[in-house]
Amino acid sequence: MKINLANPNSALISIIDDPNQIITLDANFLIAPDRRPIAKRGIRFEQFKEIWLDPIFRAFPNLAIHESVYDELVGISPQSYVDAKRDSSPPQIIIHKDNSLTEVEKILRDTIESKIAAHTKYEVLLDNKADRGEVKSLAYIAVKGLLYFAANDNNAIQLIEKSEEWSTGLDNVQAIKMYELIYYLYRNNLADKTAMKMLYKYQYCLTELEKKTNLGWGDFSASMESLYKSCFK
């Protein structure tokens with residue numbers, strides 16, 4: 001995935017100012033990355049939980065996922081993690097459910113879902129699994145007027161950032177990228193700094209093409225600091 005540091009992300013600025021806002025997560029925020037055979041090894045879930053999941057759930061008290069994303073987690077380690085967050089008192093994660101939509105909202109959801117699906121592998125009539133989570137998530141938050149979708153998938157991000165060009169109906173939704181939250185955790189001492197460097201390199205500077213395209217950690221963190229330093233109190 002190509003990192004874009006051309007301009008500040010207004011969504012990141014907004015959550016720096018108020019981290020209590022609802023942020024809906026794509027599945028790739030919850031599943032430990034495994035880039036084998038490019039890398040010698042993947043990242044174990046327990047390690048991913050310690051360095052990434054626990055810190056972001058501590059940093060942002062209103063994280064959410066759509067029920068279709070939860071379905072993608074069935075039978076794998078993140079499901080138990082989400083279950084514990086959901087069943088805690090008070091709940092530590094929000095589950096967006098389509099049955100909470102009104103009849104008018106369902107009609108609007110169906111319209112937006114079709115527009116989004118046209119740019120993905122998801123086919124509404126077949127209700128196939130490919131890209132289902134991101135399509136359902138984005139359509140739901142668009143209808144509910146929720147602002148932020150956090151993803152580490154280039155196509156999901158483009159569905160938002162090219163909403164006018166692609167007519168996806170997501171004009172009011174804003175994307176937050178994983179690398180932006182890596183920086184946020186690092187900058188605020190909310191996660192292990194060495195772990196954040198490692199996660200950044202694993203996700204964005206692993207292949208030769210990525211090393212040529214994306215900034216190394218030092219330049220990346222310096223560029224992010226230049227863009228967002230004034231936003232931190």
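This section describes the aromatic ring pairs, and the charged groups placed over rings, in a predicted model.

A search of the whole structure identified 14 aromatic pairs. In one of these, the ring centres of Phe-45 and Tyr-81 are separated by 6.3 Å and the ring planes meet at 75 degrees, so the arrangement is edge-to-face; the angle is over 60 degrees, the cut-off for that class. Phe-45 belongs to helix α2 (residues 45-59) and Tyr-81 to helix α4 (residues 77-87), so this contact ties together parts that are 36 residues apart in sequence. Both Phe-45 and Tyr-81 are buried.

An edge-to-face arrangement was also found for Tyr-186 and Trp-217, because their planes stand at 75 degrees, with 4.9 Å between the ring centres. This pair likewise links distant parts of the chain, 31 residues apart: Tyr-186 is located in helix α9 (residues 178-187), and Trp-217 in helix α12 (residues 217-228). Trp-217 has a relative accessibility of 9% and therefore counts as buried, the limit being under 20%. Tyr-186 and Trp-217 are also members of a cluster joined by ring pairs, in which Tyr-179, Tyr-200, Tyr-204 and Phe-220 take part as well.

Charged side chains were found over aromatic rings at two further sites. Lys-193 lies over the face of Tyr-186, at 4.7 Å from the ring centre; Tyr-186 thus combines this contact with its edge-to-face pairing to Trp-217. The charged end of Arg-187 is positioned over the ring of Phe-232, at 4.4 Å from the centre of that ring.

Conventions
Residues numbered from 1 in each chain as written. Predicted model: local features only at pLDDT ≥ 70, side-chain atom pairs only at ≥ 80, totals over all residues. Heavy atoms only, no water. Phe/Tyr/Trp six-rings, centres within 6.5 Å; stacked < 30°, edge-to-face > 60°. Helix = DSSP H or I, 4+ residues; strand = E, 2+ residues; numbered from the N terminus. Buried < 20%, exposed > 50% of the residue type's maximum accessible area, 1.4 Å probe, protein only. Lys NZ or Arg CZ within 6 Å of the ring centre and 35° of its normal.
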